[in-house]
Each structure stands twice: as C-alpha cells, then as structure tokens.
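Me: Please take a close look at the interior of this model. I would like to know what is packed there, and how any backbone outliers are placed relative to solvent.

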Amino acid sequence: MKNKKRIVALSALLSVGSLMITGCGTTEQKRIIRIGHNQSTNHPTHIGLTAFSDFINEELGDKYVVEVYPSELLGSQTEMVQLTQTGAIDYCVASNAILETFSKNYEIFNLPYLFASTEAYHSVMDDETITEPIFTSTEKAGFEAVTWLDAGTRNFYTVDKPIEKPEDLKGLKIRVQQSPTNIEMMNLLGGSATPMGFGEVYTALQSNIIDGAENNEMALTDNGHGDVCKYYSYDMHQMVPDILIGNVAFMEDLTEEEQAIFEEGYEILNQTQRNEWVSAVEAAKEKAANTQKVQFIYPDQAPFVEACAPLHESVLTNNPALQSTYDAIQEYNAKYPSVAK
Ligand code: GCU
C-alpha cells in the first residue's frame with residue numbers, strides 16, 4: 001500500500017514530461033527523457049548511461065533532453081519498472097531477477113550455475129536470437145528490454161561467519177533479490193532467504209536484521225556492505241545481468257531515424273558499461289581487501305552446484321517454453337567451458 005501511494009505520487013510528479021527552453025526570443029519545447037537506476041554515480045552503469053545521454057543529447061538535442069537519475073532517486077527497482085510501464089518515466093535499469101515477476105521468461109537468466117564461464121555468459125547475452133524473445137515478452141505490459149549490462153558474478157558475504165560450504169548457510173538470514181527463483185535457490189542451499197530491495201540491505205546488515213547477503217564485489221565498496229561484512233565467499237552461484245528497459249509507447253513514437261540513433265545509443269551504453277565493469281571490479285576487490293579488510297574465501301563450488309541443480313529442472317518443468325533457450329545456452333557452455341583456476 002505504501003509503495004502504491006509512492007508510485008502514484010512519483011507518477012504525478014513526473015508527468016510533466018517536457019521542458020520549455022527560452023533563448024534569443026524563441027521558445028522551443030524539448031521532450032525530457034527520464035532514466036532511473038539504483039547505483040551510485042561512480043558505478044559503471046551510471047558511467048554508461050551518461051555516455052548514452054551525451055550521445056542522444058548531441059545527436060537529437062534539439063528535440064530531446066536525457067536526464068539520468070541514480071541512487072534510487074525515482075524509487076526502488078520494482079517501483080521504477082512500474083513507472084516505466086506506465087510511461088511516467090521512459091527507461092530504467094532493472095536486475096533480471098526483478099523482471100522475473102513481470103515475465104516468467106526472465107527466470108532463465110536467474111538460474112544458479114547456468115553459465116559455465118564469463119565468456120559463455122557474455123556470448124549468450126550478445127546473441128539476439130536468444131535474448132530477443134525474452135526482451136520483447138513484456139511488450140503488452142508496456143515495456144521492453146533494449147540492452148543488457150554486466151553485473152558480474154554473485155557470491156555470498158556475511159558479517160562474521162565464513163561460508164566454506166552450503167551447510168555454513170544453515171540458520172543464517174541472507175538477503176536475496178525479490179525473485180521466486182532466488183528464494184528457492186536460497187532454500188535449496190539451506191539458508192533463510194530474506195528478500196528485500198537493494199537500498200535496504202546496508203541498514204539491515206548493520207542492525208543485524210540479516211546475517212549476510214549475496215552480490216558482486218561492487219556491493220562491498222560502492223554500497224558499503226564491506227564495512228559490515230568481513231567474509232566474501234567465491235561460490236559464484238549466479239551471473240545475473242542488469243537490463244535496460246524502455247516504455248513501449250515512447251519508443252514506438254520515435255521516428256525511424258531516431259530509433260536508429262537510439263539503437264546506436266544502447267550499443268554505446270552496453271560497450272561503455274562493460275568496459276568500465278572490468279576495472280571497477282578490480283578496484284572494488286583491492287579496496288575491500290586492503291581498506292575494508294574483507295577476507296576473500298575460495299570454497300569448493302561442487303557442493304553448491306549440486307545443491308542448486310534441482311532448480312534447473314523445476315524451472316524447465318514449470319515453463320517448458322524455456323527449454324530451447326536453455327539448450328542454446330548449453331551450446332555456448334560447451335564452446336566456452338569453465339577454466340579451473
Ligand atoms: C546488483 C545489480 C542491481 C541489483 C542489485 C541487488 O548491484 O547490479 O541491479 O539491484 O545487485 O542485489 O538488488
């Protein structure tokens with residue numbers, strides 16, 4: 001209820017979508033394009049979106065002004081997806097995990113241990129024959145995905161108990177994203193799944209409402225979780241992409257020429273974000289280890305993989321339409337197998 005009221009208030013606030021620009025005696029109206037995300041302004045996603053916004057403003061600046069809102073300024077990811085659905089905002093970045101509640105097709109990329117390697121993961125996400133049917137599956141709901149962003153590998157981290165094997169999760173309250181697949185994954189691993197929005201995790205860790213969480217290394221530094229959690233365990237359970245979604249009506253209203261420019265913009269965003277990602281993760285690891293004194297643990301992944309295996313079968317049984325996507329992913333896994341380190 002509280003969320004609903006917040007969405008209505010945000011929608012009302014954002015409904016004035018154009019900006020009057022007055023200069024030299026002429027008044028022109030520009031359409032404001034609003035993009036929301038939940039990361040800080042240092043994060044690769046914000047840097048990528050800034051490159052996108054610069055490109056559009058440069059190419060189509062006489063008609064549009066792109067504004068990027070970081071740090072959940074426009075609401076949580078779920079709220080931002082709803083705002084994008086109604087057209088109160090034009091785009092937002094949402095984790096693939098959140099999108100699962102809007103279309104079951106997204107379940108596939110939330111499966112633990114789905115990808116054999118980073119190369120397999122990237123190749124799958126770059127293969128439009130795989131992503132297109134999923135990205136367009138929410139068209140009737142008012143939004144579509146236009147590109148994906150790297151969010152690395154998700155691992156468990158805890159305040160004071162190192163996770164060496166699944167049994168170590170027993171009795172621990174671990175924050176997961178608000179996705180049925182993630183909750184099920186946590187149940188299979190034996191921990192107690194505590195779903196909540198990303199913005200609430202730091203306070204929940206600090207006040208002992210939860211014992212740990214799971215995410216990529218950036219969460220330790222950029223979100224401060226490494227100030228509280230001192231053990232980060234490379235079980236590497238998921239590679240969950242972030243997805244840029246856009247309002248269908250807005251995108252359909254663009255002229256053909258504009259659509260081509262926007263397509264180029266999405267590609268700039270994707271490439272910039274992914275390039276930035278590599279160095280951002282390196283810097284996060286360095287800071288977490290040396291400044292925050294987080295201890296990195298490298299457990300045997302096999303028992304984690306085994307515990308999660310039933311989830312592949314149950315997702316495919318409940319949604320057989322995903323089988324062909326799953327099979328196509330296995331081909332990339334065979335081409336880019338995991339390299340033992
Ligand atoms: C990552 C991801 C975000 C997501 C967050 C989370 O940071 O990039 O999109 O919201 O994890 O765990 O909620």
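Reply: **Interior and exposed loops**

Cysteine 229 is buried, its relative accessible area being 0% (buried is under 20%, exposed over 50%, partly exposed in between; 1.4 Å probe, protein chains only). The model is predicted: local features need pLDDT of at least 70 and side-chain atom pairs pLDDT 80 or more, while totals for chains, interfaces and linings use all residues. Residues are numbered from 1 along each chain as its sequence is written, and side-chain values use heavy atoms, without hydrogens or water.

Cysteine 229 takes part in no disulfide (a pair of cysteine sulfur atoms within 2.5 Å). The nearest cysteine sulfur to that of cysteine 229 belongs to cysteine 308, 20 Å away. The disulfide count by this rule is zero. Cysteine 92 is likewise buried, with a relative accessible area of 0%.

Cysteine 308 also leads to the packing around leucine 189, with which it is in contact (heavy atoms within 4.5 Å). Apart from neighbours within four places in sequence, the other contacts of leucine 189 are Phe156, Pro166, Leu169, Phe304 and Ala307. Leu189 is, with Ile108 and Phe109, one of the residues with the most contacts inside the largest nonpolar core (buried Ala, Val, Leu, Ile, Met, Phe, Trp, Tyr and Cys joined through side-chain atoms within 4.5 Å). That core has 47 residues. Helix α13, residues 302–318, supplies its largest share, six residues (helices are DSSP H or I runs of at least four residues and strands E runs of at least two, numbered from the N terminus). A second core is separate from it and has 21 residues, among them Leu244, Phe250, Leu254 and Phe262.

Which residues depart from the usual backbone sign, and where do they sit? Most residues other than glycine have a negative phi. Glutamate 72 is not a glycine, yet its phi is positive, at about 60 degrees. Glutamate 72 sits in the loop that runs between β3 (64–69) and α3 (77–86). With a relative accessible area of 22%, glutamate 72 is partly exposed.

Asparagine 208, also not a glycine, has a positive phi of about 60 degrees. Its place is the loop between α8 (201–206) and β9 (212–215). At 59% relative accessible area, asparagine 208 counts as exposed.
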